[in-house]
Amino acid sequence: MSCILHIETSTSVCSVAVSEGGACLFSRKDYSGPNHAVKLGTFVDEALAFVDGQGIPLDAVAVSCGPGSYTGLRIGVSMAKGICYGRGVKLLSVPTLELLCVPVLLEHDDMEDDALLCPMIDARRMEVYAGVFDRALRPVREVGADVVGGDTYREYLEAHPVYFFGNGAAKCMEAIGHPNARFVDGIVPLAEWMMPLAEKRMADGTFEDVAYFVPFYLKDFVAKTPRKLV
């Protein structure tokens, strides 16, 4: 069984967790941010003290890799890299949009078999960074930036119930307005939800190069995306 330290700082919420063999052993989170520079170091120190105190060897550090806040991701990835260097452990990256899907799948066991999931990260105005996944988290549509209007997701909504969530979803409710649209409130990326995704990457041997890994900053994508009018 692998012991993984999870770090999530892609939005205003700061969280850290420790898992071993699919069980969450330790979790800390703070919703008062963004104040990752203040909270993250304390949470990580507590997590490592817990691991060391239990005599559990740390195998890897998993970090949410975006899209998300430039400052938040930079702080989280820098911390993850430092631990990997200092302890000689592997680095795993977990895409934030996939991470957002985990609590929705776990908490909505009545979801339709053909349902699609559309996690959204707020960008600006009516822009979001979004992906469309099936219930097995297979991509149905390439992840990208959307300027949300009434037709943006129509091809999926005409054929499937689509669950929209994340900090970009609330502003899209009125614009989408389709009977197959389902909006889930209160979904934020948390370290404790990273476990199944990180453990799969650990089992598959999908590790990042600690020296060269860079997260996906939302601001970089938005800056390169042409403006569109709705």
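Colleague: Which residue takes a positive phi in the hairpin of β6 and β7?

Modeller: Arg 125, with phi near 45°. The hairpin has 2 residues between the strands. Bear in mind that this is a predicted model.

Colleague: How many bridges hold β6 and β7 together, and in which sense do they pair?

Modeller: There are 5 bridges, in the antiparallel sense. One of the partners to look at is Leu 117, which bridges to Phe 133 in β7.

Colleague: What is the strand order in that sheet?

Modeller: The order is β8-β7-β6-β9-β10. That makes an open sheet of 5 strands with mixed pairing. The edges are β8 (139-147) and β10, and each pairs on one side only. Neighbouring strands are turned by 20° against each other on average, direction ignored.

Colleague: And which helix packs on the sheet?

Modeller: Helix α3, residues 96-107. α3 touches β6, β7 (127-133), β8 and β9. Its direction makes about 130° with that of β6.

Colleague: Back to β6. How does it run against β9, parallel or antiparallel?

Modeller: Parallel, with 4 bridges. β6 covers residues 116-124 and β9 covers residues 162-165. Within that pairing, Cys 118 stands opposite Phe 164. Pro 119 has Phe 165 as its bridge partner in β9.

Colleague: Phe 164, then. Buried or exposed?

Modeller: Buried, with a relative accessible area of 0%.

Colleague: New topic. How many aromatic pairs does a search of the whole structure find?

Modeller: The search finds 4. One of them is Phe 26 with Phe 50, a tilted pair. Their centres are 5.8 Å apart, with 35° between the planes.

Colleague: Where do those two rings sit?

Modeller: Phe 26 is in strand β3 (residues 23-30), and Phe 50 is in helix α1 (residues 36-53). So the pair ties together parts that are 24 residues apart in sequence. Phe 26 is buried at 6% relative accessible area. Phe 50 is partly exposed at 26%.

Colleague: What about Phe 164 and Phe 183, how are those rings arranged?

Modeller: Those are stacked: 5.3 Å centre to centre, 25° between the planes. Phe 164 belongs to β9 and Phe 183 to β10, so this pair links parts 19 residues apart in sequence. Phe 183 is partly exposed, with a relative accessible area of 23%.

Colleague: Which residues make up the cluster of ring pairs there?

Modeller: Tyr 153, Phe 164 and Phe 183.

Colleague: Just before β10 I see His 178. Where does that lie?

Modeller: In the loop between α5 (173-176) and β10 (181-183). His 178 is buried, at 14% relative accessible area.

Colleague: What does His 178 touch?

Modeller: Arg 154, Leu 157 and Glu 158. That leaves out residues up to four places away in sequence.

Colleague: Zoom out. How many helices and strands does the protein have?

Modeller: It has 7 helices and 10 strands. The C-alpha trace spans about 55 × 35 × 30 Å along its principal axes.

Colleague: And what is the radius of gyration, set against a compact globule?

Modeller: The protein has 18 Å. A compact globule with 230 residues would be near 17 Å, so the value agrees. Buried residues make up 50% of the 230.

Colleague: What share of the contacts join residues at least 24 apart?

Modeller: It is 65%, among contacts between residues at least 6 apart in sequence.

Colleague: Last one. What does the accessible surface come to?

Modeller: About 10600 Å², of which 52% belongs to carbon and sulfur atoms.

Notes:
Residues numbered from 1 in each chain as written. Predicted model: local features only at pLDDT ≥ 70, side-chain atom pairs only at ≥ 80, totals over all residues. Heavy atoms only, no water. Buried < 20%, exposed > 50% of the residue type's maximum accessible area, 1.4 Å probe, protein only. Contact = heavy atoms within 4.5 Å. Pairing = 2+ DSSP bridges. Axes fitted to C-alpha atoms, helices over the stretch in contact; angles between N-to-C directions. Rg over C-alpha atoms; globule rule 2.2 N^0.38 Å. Areas by Shrake-Rupley, 256 points an atom, 1.4 Å probe, with all protein chains shown as cover. Phe/Tyr/Trp six-rings, centres within 6.5 Å; stacked < 30°, edge-to-face > 60°.
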